[in-house]
Amino acid sequence: MHVQTMAAVAWVALAACLCSIAQAQAQGIYSCVDAAGRKITADRPIAECIDRPQRQINPSGTVKRVVGPSLTAQERTAQEQKDKAAAEVRAREAEEKRRDRALLLRYPSRAVHDKERAEALDQIDAVISAASKRTTELVGQRKAIDADFEFYKSDPSRAPASLKRRLEENDSSVAVQKRFIADQDGEKKRVNMRFDEELVKLKQLWAMGGAVPAAAAAPAVRK
């Protein structure tokens, strides 16, 4: 019984050894030359070569990958910062490519881009026209108010409060309309600037193989 037990233990140990060997063969072996110039091989990363590259070799003899060297805490921090900066650059490049694709999809040609610019400017012009019309109406109202004030020309202090209030409201409304029109003029400049910047980029994209710009059919752009 004792002999059988020893034999069973031996078989288990042998099986474990064979399993370990098989696992090492499957994973490959590590090889390096240490600081003393010795070539070392092992079935796991080699502690003596922690400061230098180690090759992980496949059972076929080819190099699977190169590991290390292991970095110090300061080196790891520097490497992490470098990797983070590189990742940010890749992210910016990917985002720029995404925006470029979206721009080309929206504006496959110069004619499409110019048409949208013209439509955007037309909308602003319509708003300015309405504000200008309102300003003209206020000017007419001001003339009527001034006519009423003629009765109190010799002594404006005798003018009724309602008339003074009409004058103040008219002045205030005219000022509001003027500011609004000035804001819309500024918006027109911003719209033209945006389309100008897009056009510079689009010309580059079209030249690189995007949609062919229909420059000849492009409508005139108003500034």
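# A tour from the pocket to the sheet

Start at helix α2, residues 73-106, which gives the largest pocket the largest share of its lining, 6 residues. Keep in mind that the model is predicted.

**Stop 1: the pocket.** Select E96, R98, R99, D100, A102, L103 and K201, the residues that line the largest pocket. The space inside comes to about 160 Å³. Now colour the lining by class. You get 5 charged and 2 nonpolar residues, and no polar ones.

**Stop 2: the largest nonpolar core.** Keep L103 selected. It lines the largest pocket, and it is also among the residues with the most contacts inside the largest nonpolar core. Add Y107, V191, F195 and L202, which complete that list. The core has 14 residues in total. Two elements give it two or more residues: α3 (110-149) and α4 (161-207). Helix α4 supplies the largest share, 7 residues. As background, nonpolar side chains tend to be buried together in soluble globular proteins.

Centre the view on V191. Which residues does V191 contact, once its neighbours within four places in sequence are left aside? Select A120, L121 and I124 to see them.

A second core lies apart from this one. It has 5 residues, and Y30, C32, I46 and C49 are among them. Leave those four marked for later.

**Stop 3: L205.** Go back to helix α4 and pick L205. Is L205 buried or exposed? It counts as buried, because its relative accessibility is 9% and the cut-off for buried is under 20%. Next, draw a distance from L205 to P108. The two are 97 residues apart in sequence, yet their C-alpha atoms are 9.9 Å apart in space.

**Stop 4: strands β1 and β2.** Move to β1, residues 29-33. Strand β2 covers residues 39-42 and runs antiparallel to β1, with 4 bridges between them. For one pair, select V33 and its bridge partner in β2, K39. Then follow the chain around the turn. The hairpin of β1 and β2 has 5 residues between the strands, and G37 there takes a positive phi near 90°.

**Stop 5: across to β3.** Strand β1 also pairs with β3, residues 54-57. These two run antiparallel as well, joined by 3 bridges. Select S31 and look opposite: R55 in β3 stands there. While you are on the strands, recall a general point: in a regular strand the side chains alternate between the two faces of the sheet.

**Stop 6: β3 to β4.** Strand β4 spans residues 63-67. It runs antiparallel to β3, and 4 bridges join the two. Pick Q56 and its bridge partner in β4, R65. Which residue takes a positive phi in the hairpin of β3 and β4? Select G61, with a phi near 100°; this hairpin has 5 residues between its strands.

**Last stop: zoom out.** Show the whole protein as a cartoon. You should count 4 helices and 4 strands. Trace them from the N terminus and the order reads α-β-β-β-β-α-α-α. Then colour by burial: 21% of the 223 residues are buried. Finish with a contact map. Among contacts with a separation of 6 or more, 57% are between residues 24 or more positions apart.

Notes
Residues numbered from 1 in each chain as written. Predicted model: local features only at pLDDT ≥ 70, side-chain atom pairs only at ≥ 80, totals over all residues. Heavy atoms only, no water. Pairing = 2+ DSSP bridges. 1 Å grid on protein atoms, 1.4 Å probe; cavity = no way out; pocket = protein on both sides within 12 Å on 5 of 7 lines; lining within 4 Å. Points joined across faces, edges and corners; volume = space filled by probe spheres on them. Nonpolar A, V, L, I, M, F, W, Y, C, P; charged D, E, K, R; others polar. Core = buried A, V, L, I, M, F, W, Y, C linked by side-chain atoms within 4.5 Å. Buried < 20%, exposed > 50% of the residue type's maximum accessible area, 1.4 Å probe, protein only. Contact = heavy atoms within 4.5 Å.
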